[in-house]
Amino acid sequence: MRIIASRTLREFWEKPEFADSETSLRSWYYDAKNAVWKNQNELKQQYIYASIVGERRIVFNIKGNNYRLVVSIDYDFQVIFIRFVGTHKQYDKIDAKTI
């Protein structure tokens with residue numbers, strides 16, 4: 001998979017208050033970059049706790065569920081678009097289906 005705006009992840013973990021997310025976000029990035037998911041079912045085989053919130057929207061729990069990562073996936077083109085990364089409190093203020 002190609003990941004668009006991975007800079008968003010780096011900018012998040014570089015903030016001192018979120019530095020503890022770096023290892024988990026890097027791990028997710030590595031896994032996603034090397035994945036070849038053809039649909040949501042294949043993704044769910046690898047990430048059973050990921051939440052499907054729309055046709056192409058997925059919410060991942062990061063660092064033992066301390067953070068949330070929202071992505072949009074185009075399975076045909078093998079591209080992941082990072083839409084949001086933040087705490088649960090920040091996540092509660094967004095609409096994961098439209099962000």
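Q: How many bridges join β1 to strand β5, and which way do the two run?
A: In this predicted model, three bridges join β1 to β5, the strand that covers residues 79–87, and the two strands run parallel. One pair that you can look for is R2, which stands opposite V79 in β5.

Q: Where do those strands sit in the sheet, then, and what is the order?
A: The sheet is an open one made of five strands, and its order is β1-β5-β4-β3-β2, with mixed pairing. Because β1 (2–4) and β2 (51–52) stand at the edges and each has a single partner strand, one side of each is left without a neighbour in the sheet.

Q: OK, and what pattern does the chain follow along the sequence?
A: Reading along the sequence, you meet the pattern β-α-α-α-β-β-β-β-α, which belongs to a chain with four helices and five strands.

Q: Switching topic: what's in the largest nonpolar core?
A: That core has 25 residues, and the ones with the most contacts inside it are W28, W37 and F60. At least two residues each come from α1 (7–13), α2 (22–33), β3 (57–62), β4 (67–74) and β5, and β4 gives the most, with four residues.

Q: Why would nonpolar side chains be together like that?
A: As a general tendency, nonpolar side chains in soluble globular proteins tend to be buried together.

Q: What does W28 touch?
A: If residues up to four places away in sequence are not counted, W28 touches I3, L9, Y47, F60, I62, L69, V71, I80 and I82. Apart from the largest core lies another core, of six residues, and among them are V59, V70, F84 and Y91.

Q: And W37, where is that one, and is it buried or exposed?
A: W37 lies in the loop between α2 and α3, the helix that covers 40–46, and W37 counts as buried because its relative accessible area is 3%, where the cut-off for buried is under 20%.

Q: What does W37 touch, and which side chain does it make a polar contact with?
A: Again not counting residues up to four places away in sequence, W37 touches M1, A32, E42, L43, Q46, Y47, I73, Y75, Q78 and I80. With Q46 there is also a polar contact between the two side chains, at 3.1 Å. As for I73, which is 36 residues from W37 along the chain, the C-alpha atoms of the two are separated by 9.4 Å.

Q: What about F77, buried or exposed?
A: F77 has its place in the loop between β4 and β5, and F77 counts as exposed because its relative accessibility is 65%, with the cut-off for exposed being over 50%. From C-alpha to C-alpha, F77 and V59 are 20 Å apart in space, while in sequence they are 18 residues apart.

Q: Last thing, what about the chain as a whole: what radius of gyration does it have?
A: The chain has a radius of gyration of 13 Å, which agrees with a compact globule, because with 99 residues such a globule would have a value near 13 Å. Taken along the principal axes, the C-alpha atoms fill a box of roughly 35 × 25 × 20 Å.

Q: How much of the chain is buried, and what area does it expose?
A: Buried residues make up 40% of the 99 residues, and the chain exposes about 6,000 Å², of which carbon and sulfur atoms supply 47%. Of the contacts with a separation of 6 or more, 43% are accounted for by residues 24 or more positions apart.

Notes. Residues numbered from 1 in each chain as written. Predicted model: local features only at pLDDT ≥ 70, side-chain atom pairs only at ≥ 80, totals over all residues. Heavy atoms only, no water. Pairing = 2+ DSSP bridges. Core = buried A, V, L, I, M, F, W, Y, C linked by side-chain atoms within 4.5 Å. Buried < 20%, exposed > 50% of the residue type's maximum accessible area, 1.4 Å probe, protein only. Contact = heavy atoms within 4.5 Å. Rg over C-alpha atoms; globule rule 2.2 N^0.38 Å. Areas by Shrake-Rupley, 256 points an atom, 1.4 Å probe, with all protein chains shown as cover. Polar contact = N/O pair within 3.5 Å; in protein donor to acceptor, adjacent residues only side chain to side chain.
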